[in-house]
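New to this one? Take a look at the fold, and then we'll walk through a few of its parts together.

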Amino acid sequence: MEALKYHGRLRAYLLMPVLNIILLAAVSIGLDFYHLDAGVVLSGVTVLYTAVVLILFAWVKKKLNTELINFATHYGTVQKKFLRDFQLPYALLDGNGRFIWLNKEFQKLIHKDGSYNKNISTIFPEITPVILSHSEDVKQIIRLEYNGRKYRIELRRLSFEEDEPKRREMITTEELIHSINAVLVFDETELYQIRQLNWNQQMVPAIIYIDNYEETIEGMEVVRRSLLTATIDQKISQYFQQYEGIVQKIEKDKYFVIFQQRCLTDLEENKFSILEEIRGIHFGNESDVTLSIGVGVGGTSYPEVLEYARAAINIALGRGGSQAVVKDHHNVSYYGLHGKEVEKNTRVKARVKAQALREMMTSRDRVIVMGHKITDIDAFGACLGICIAARHLGKECHIVLNTITTSLRPLVDLITKEDDWPDNLILSTQEALYGVDDKTLVVVVDTNRANYTECPELLERSKNIVVFDHHRQGDGLIKNPVLSYIEPYASSTCEMIAEILQYFAERIEIRPKEADCIYAGILIDTNNFMAKTGVRTFEAAAYLRRNGADMTRVRKMLREDMHTYKARAEVVRDAEVYRGSFAISICDPAGLKSPTIVAAQAANELLDITGIKASFVLTEYDNKIYISARSIDEIDVQRIMEKLGGGGHLNLAGAQIEGGNMTEARDLIKRILDEEIEKGDIEL
């Protein structure tokens with residue numbers, strides 16, 4: 001039998017008589033100095049007590065050891081029987097993950113007997129040596145599937161080295177196992193099924209708008225108009241009835257739909273085919289009928305998912321309509337939009353936004369306007385237009401501009417040389433942040449993403465934010481702007497600002513050189529009026545021309561040096577034609593002050609090559625890879641750029657990639673194109 005050692009309270013109890021002997025001896029010695037007779041008597045009592053204690057200890061020691069061993073054995077037997085018959089699978093592993101002991105339920109689970117001593121990874125490959133080597137007393141939870149059922153495995157490593165827990169044991173042996181891993185298995189198959197059933201039965205709200213209802217029915221006969229409306233109602237109702245949905249028409253061009261979560265997967269797989277069904281309806285209407293659908297999912301309450309649906313429909317409309325947007329708390333998914341954005345001929349919205357901007361500027365003391373990082377000509381022209389509006393009201397206005405590119409330098413020099421503009425018209429980020437208060441209005445132009453702006457910190461410090469942009473909305477939107485005017489059909493932000501200035505005041509002063517800058521923004525974004533132009537684009541250009549914009553001066557400002565021209569030609573020459581339809585090239589930034597501008601220009605020129613449906617030009621600037629994507633009408637480059645974290649328009653988009661290299665980024669574009677072709681979203 002191995003020697004037993006006593007620890008903890010048991011050892012203290014057994015040592016109590018010894019302590020009493022020491023105490024009596026000390027008292028007897030002390031009495032010898034004061035009362036000899038009493039000291040002698042107490043010494044005799046002490047000797048007698050010591051003899052009795054020693055005799056009793058020798059007599060009961062063997063019996064005490066036997067009782068303690070019997071108790072421990074019985075306790076261990078009961079504990080082992082309890083674990084062996086435990087209704088949950090339970091096992092012990094050694095430090096390397098090999099089975100030491102398995103209870104009956106664990107043996108049934110893995111169809112092995114109690115002698116099985118191989119590594120647990122032979123049964124559950126998900127439990128790797130790295131997981132087993134975690135620090136002691138840390139419970140780990142691993143979820144896995146085994147034999148068609150789902151399990152939650154709780155794993156805890158226990159150590160038995162000399163430490164405080166060991167000293168608290170009543171009895172221990174000399175030899176101990178260094179460490180073991182306890183494994184407990186829970187079958188959660190039914191729980192998963194119930195959760196999935198609950199998820200499938202959750203109600204999903206959707207909001208549907210007819211994008212161009214007024215424009216479509218205008219000029220139609222009354223009978224045809226009624227027939228068109230009835231057909232749209234019928235198709236929408238029939239489409240969602242097959243998914244057991246409920247459709248309620250809330251306005252002449254708006255619908256509210258409720259369906260179960262389980263149907264959303266089918267809707268996404270067929271990419272909301274109702275969009276194409278409605279587009280094919282013609283009863284004498286000249287233009288196609290298009291729908292926008294906003295779906296909200298994943299909320300903790302019905303008001304929350306309804307709010308997601310409202311946000312989704314706003315995103316769909318802000319991206320030009322003719323698409324479905326599914327939004328939850330974190331993600332946004334887009335479906336549809338195979339055609340161009342529908343341009344609205346009415347300028348009522350521009351007039352309303354202009355008046356709202358005027359009221360906001362009137363109640364503020366200071367205006368700060370900024371565009372996106374590496375501000376281009378369109379963003380600067382729009383910033384200048386806001387400054388013109390602020391000047392008309394006598395308000396202090398500044399432009400946040402950190403980087404002045406070579407293409408932007410002529411415009412900046414042209415404006416800053418004007419005597420009427422203050423010397424501090426253009427501010428850096430640090431200067432702009434100084435003095436921002438509740439009386440400061442922050443205006444963002446040519447972007448609707450917070451992290452793309454020249455100074456994102458301004459958006460955090462100010463509660464008065466206005467957004468003007470012509471790009472489709474995506475992730476990372478500026479939160480809670482007091483005024484937002486986003487029109488994807490517009491050719492440029494300068495076009496939008498030109499319209500705003502027309503309705504801002506009856507006699508607002510726009511000087512010729514200022515008109516040149518705004519006109520240049522329209523010219524650049526439309527590629528000399530060759531791309532994304534509409535009636536309102538030329539009307540805005542005509543308005544600027546009436547205010548003194550001169551084509552000759554603008555052309556001179558937009559000229560470039562020979563080195564830049566050669567660099568662009570080099571990009572076009574070295575372009576790779578992928579799958580016979582896509583031009584992909586890399587712009588070497590060496591020696592270029594504005595490589596992103598050169599890349600964008602080269603992407604435009606690549607579209608002039610016969611057979612090229614889309615172009616992608618990559619360049620590196622400020623430790624980031626910038627991608628300029630262009631197409632004419634067949635390829636939606638914005639969807640491709642969104643998969644890279646970017647965005648833009650149907651035919652004009654871009655993205656920024658942090659880290660990686662050019663080769664990896666180019667290969668990534670190719671993989672995305674291959675996926676789009678395989679899914680049928682791109683037809684060659």
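The protein chain folds into 24 helices and 25 strands, and keep in mind that this is a predicted model. Of its 684 residues, 46% count as buried. The accessible surface comes to about 35,600 Å², with 53% of that belonging to carbon and sulfur atoms. If you look at contacts between residues at least 6 apart in sequence, 65% join residues at least 24 apart.

Let's zoom in on strand 12, which spans residues 323–327 and has five of its five residues buried. Gln323, Val325 and Lys327 sit on one side, while Ala324 and Val326 sit on the other. That fits a general pattern: side chains in a regular strand alternate between the two faces of the sheet.

Strand 12 has these pairings:

| Partner of strand 12 | Sense | Bridges | One bridge pair |
|---|---|---|---|
| Strand 11 (residues 291–296) | parallel | five | Gly296 and Lys327 |
| Strand 13 (residues 332–336) | antiparallel | five | Tyr334 and Val325 |

To get from strand 11 to strand 12, the chain passes through helix 11 (residues 302–318), making a left-handed β-α-β crossover. Strand 12 and strand 13, meanwhile, form a hairpin with four residues between them.

Now for the nonpolar cores. The largest has 61 residues, and those touching the most other members are Leu357, Met361, Val369, Ile386, Val443 and Phe468. Helix 13 (residues 377–392) gives the most to this core, with 10 residues. Apart from it lies another core of 32 residues, including Ile232 and Phe272.

Back in the largest core, what does Val369 contact beyond its neighbours within four places in sequence? Its contacts include Cys383, Ile386, His398 and Val443.

Note on methods: Residues numbered from 1 in each chain as written. Predicted model: local features only at pLDDT ≥ 70, side-chain atom pairs only at ≥ 80, totals over all residues. Heavy atoms only, no water. Core = buried A, V, L, I, M, F, W, Y, C linked by side-chain atoms within 4.5 Å. Buried < 20%, exposed > 50% of the residue type's maximum accessible area, 1.4 Å probe, protein only. Helix = DSSP H or I, 4+ residues; strand = E, 2+ residues; numbered from the N terminus. Contact = heavy atoms within 4.5 Å. Areas by Shrake-Rupley, 256 points an atom, 1.4 Å probe, with all protein chains shown as cover. Pairing = 2+ DSSP bridges. Right-handed = clockwise from strand over helix to strand, strands pointing away.
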